[in-house]
Amino acid sequence: ERLGRSRVELFYIHRREAARPVEEVMETLVGFLEEGLIGGIGFSEIAPDTLRRACAVHPVAAVQSEYSLWTRDPEAGMLEACEALGVTFVAFSPVGRGIFADAFPDPAGFARGDFRTNNPRFSEPNYSANKAAIAPFRDWARARGWSTAAAAVAWTLHRGDHVLPIPGTRSAAHIRDLAQAAEISFTPDEMSEIAQMLPKGFAMGERYSEAQWVGIERYG
């Protein structure tokens, strides 16, 4: 009502109730579609098999999951499932919650309630190890005239035509910086160099604490 919209163009289930069959959820959402209340169905942080079951009921428009150079879980089947089923894969946190900014975030300055405060990757000794691993990539991007964040987002764009990164920020300047990712085109050699600098699984620490895993479907 505040936005003056008569429907939600993309309605996400964020996150799914584990005890409720996804087929039942889909039947409800299809009803919303038929009423014109929503324009498309989306899910967040589900497993590939859940997506296949959902698509057996009705096409799913998008799946949103965390995906970046240091969070590669979707490569264990979700990217492939989305491509095969014609589903857009929406990659959130492609800048790694700030770890791929030009200046590393300082955990000592995190505001109260900041998600990263209790996140294993931002806690020592993991955080120091992660910064050391990412520093060469920052230098590599800077040498080419790119910001670290734009290069990180560009990497997700190179993972497939069905992959859509959605970096978050509260800064207009950062938005302009991140938009430069669309202008970056990596050569095969550059993609290989990135893979050598930041190989799959390089990040130290789980991407979530145990408390933060609630509602997320693990797979792979």
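Contact, as the word is used in these legends, means that heavy atoms lie within 4.5 Å. The structure shown in every view is a predicted model.

**View 1. Surroundings of S209 in the segment after α7.** In this predicted model, S209 touches N118 and P120, when residues up to four places away in sequence are not counted. Buried means under 20% relative accessible area, and S209, at 16% relative accessibility, therefore counts as buried.

**View 2. Helices α2 and α3 where they meet.** Helix α2 covers residues 48-57 and helix α3 covers residues 78-85, and their axes come within 9 Å and cross at roughly 15°. Angles under 35 degrees count as roughly parallel, so α2 and α3 are described as roughly parallel to each other. The crossing of these two helices, α2 and α3, is right-handed. On the α2 side the residues that meet the partner helix are P48, L51, R52 and C55, while on the α3 side they are M78, A81, C82 and L85. Sorted by class, this contact of α2 with α3 has seven nonpolar residues, no polar residues and one charged residue.

**View 3. The largest nonpolar core and the residue F100.** The core has 52 residues, and those touching the most other members are F43, L51, F100 and F186. Among the elements that give two or more residues to this core are α1 (22-35), β2 (41-44), β4 (88-92) and α7 (188-197). The largest share of the core comes from α5, which gives seven residues. When its neighbours within four places in sequence are left aside, F100 is in contact with a list of residues that includes L69, W70, I134, F137, A149, A152 and F202.

**View 4. Helices α4 and α5, and how α5 is covered.** The axes of α4 and α5 come within 9 Å and cross at roughly 95°. Since angles from 65 to 115 degrees count as roughly perpendicular, α4 and α5 are therefore roughly perpendicular to each other. Here F137, R138 and A141 in α4 meet T148, A151 and A152 in α5, and by class this contact has four nonpolar residues, one polar residue and one charged residue. Helix α5 is mostly covered, with nine of its 10 residues buried; among these buried residues are T148, A149, V153, W155 and T156. The buried residues of α5 pack against α4, against β5 (163-166), against α6 (172-179) and against α7.

**View 5. Backbone details at S93, R97 and P125 in the loop between β4 and α4.** S93 is not a glycine, although its phi is positive, at about 55°. R97 is likewise a residue other than glycine with a positive phi, in this case near 55°. In accessibility, S93 is buried, with a relative accessible area of 16%, whereas R97 is partly exposed, with a relative accessible area of 21%. P125 also has its place in this loop, and a cis peptide bond, with omega about 5°, joins E124 and P125.

**View 6. The cis peptide bond from H14 to R15.** R15 has its place in the loop between β1 (11-13) and α1. The peptide bond that leads from H14 to R15 is cis, and its omega is near 0°.

Notes. Residues numbered from 1 in each chain as written. Predicted model: local features only at pLDDT ≥ 70, side-chain atom pairs only at ≥ 80, totals over all residues. Heavy atoms only, no water. Axes fitted to C-alpha atoms, helices over the stretch in contact; angles between N-to-C directions. Helix = DSSP H or I, 4+ residues; strand = E, 2+ residues; numbered from the N terminus. Parallel < 35°, antiparallel > 145°, perpendicular 65-115°, else oblique. Left-handed = near helix turned anticlockwise from the far one by under 90°. Nonpolar A, V, L, I, M, F, W, Y, C, P; charged D, E, K, R; others polar. Core = buried A, V, L, I, M, F, W, Y, C linked by side-chain atoms within 4.5 Å. Buried < 20%, exposed > 50% of the residue type's maximum accessible area, 1.4 Å probe, protein only.
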